[in-house]
Amino acid sequence: MRIDILCLFPETFVSPLNQSIVKRAREQGLADIVIHNIRDYTHDRHHTVDDYPYSGGPGMVLKPEPIFEAAEAVKQQIGVAEVPTILLTPQGRPFSQSVAQELALYPHLILICGHYEGFDERVCEYLATDEISIGDYVLSGGELAALVVVDAIVRLVPGVLGSEDSASSDSHSDGLLEYPQYTRPQVYRGWSVPSILLSGNHGEIAQWRRRQAILRTAKRRPELLEKGNICDEERKWILENSLNPK
Ligand code: 6GU
């Protein structure tokens, strides 16, 4: 998969894309991530990327020309006319694991990071095919949001994670939070690992984990349970146990 990122602060990406899983994915050729500076697509002496909003108001607005030209240069480079082109903006649709799964299916994405008060609306209307927000708070720019989106997508690309299992057992991939995990030592400062995990009974362990995931989700993120993914029997069990948690 190839992801082209258009931004004003390319330095932001250097360290995060050169560590851990994303770094390995790039080295293995599973993710080709290319950073472009929007400022390189200006033509005036001062490399102007923003301007005052028509009719006034606070802050500056990103000019359309360099953003359109940068995106068109990327499409020309790879020889594809239409590429999903995603604006990172607090006005976008909420990012989630299911949006990451959807985006991971594309061979190529263009991400555009804004700054200042935002984009000229013609970028949203005539260049972007999608707009994404990573949560209900305001960041100074789209760079950190793009990093979040890239990380979540890259780990879903087949072959990136060691065992294919580890992405599907993540929190949120089945709509539930993850069950509690333990490693050695068996007793730490007097706190023991639940004995079921030492029993070797794989059927009972699977059931314990499923129920722990459900219980934890009911307690911490009850709105996630309303979306389904659990059967009637489990629903009944939640009612009994989340009212009287052990
Ligand atoms: Cl995608 N951009 C900015 N600037 N702020 C945000 C955001 C994006 N998502 C949440 N807050």
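1. A nonpolar core here is a set of buried Ala, Val, Leu, Ile, Met, Phe, Trp, Tyr and Cys residues joined through side-chain atoms within 4.5 Å. The model is predicted. Its largest such core holds 33 residues. Two of them, L111 and V154, touch the most other members.

2. Several elements feed this core. At least two residues each come from the strands β1 (2–7), β5 (85–94) and β6 (108–113). The helices α1 (20–27), α3 (97–103) and α5 (143–154) each do likewise, with at least two residues. Helix α5 gives the largest share, eight residues.

3. V154 deserves a look of its own. Which residues does V154 touch, not counting those up to four places away in sequence? They are I3, V22, A25, A31, I33 and V160.

4. A second core lies apart from the largest one. This other core has 19 residues. V49, L87, I112 and L127 are among them.

5. Now the strand pairing. β1 runs parallel to β2 (residues 32–37), and six bridges join the two strands. C7 stands opposite N37 of β2. With α1, these two strands make a β-α-β unit. Is that unit right-handed or left-handed? The β1, α1 and β2 unit is right-handed.

6. Last, the domain layout. The protein is divided into domain 1, covering 2–154, and domain 2, covering 171–243. How many Å separate the centres of domain 1 and domain 2? Taken over C-alpha atoms, the centres are 38 Å apart.

Conventions:
Residues numbered from 1 in each chain as written. Predicted model: local features only at pLDDT ≥ 70, side-chain atom pairs only at ≥ 80, totals over all residues. Heavy atoms only, no water. Buried < 20%, exposed > 50% of the residue type's maximum accessible area, 1.4 Å probe, protein only. Helix = DSSP H or I, 4+ residues; strand = E, 2+ residues; numbered from the N terminus. Contact = heavy atoms within 4.5 Å. Domains from an automatic or database assignment. Pairing = 2+ DSSP bridges. Right-handed = clockwise from strand over helix to strand, strands pointing away.
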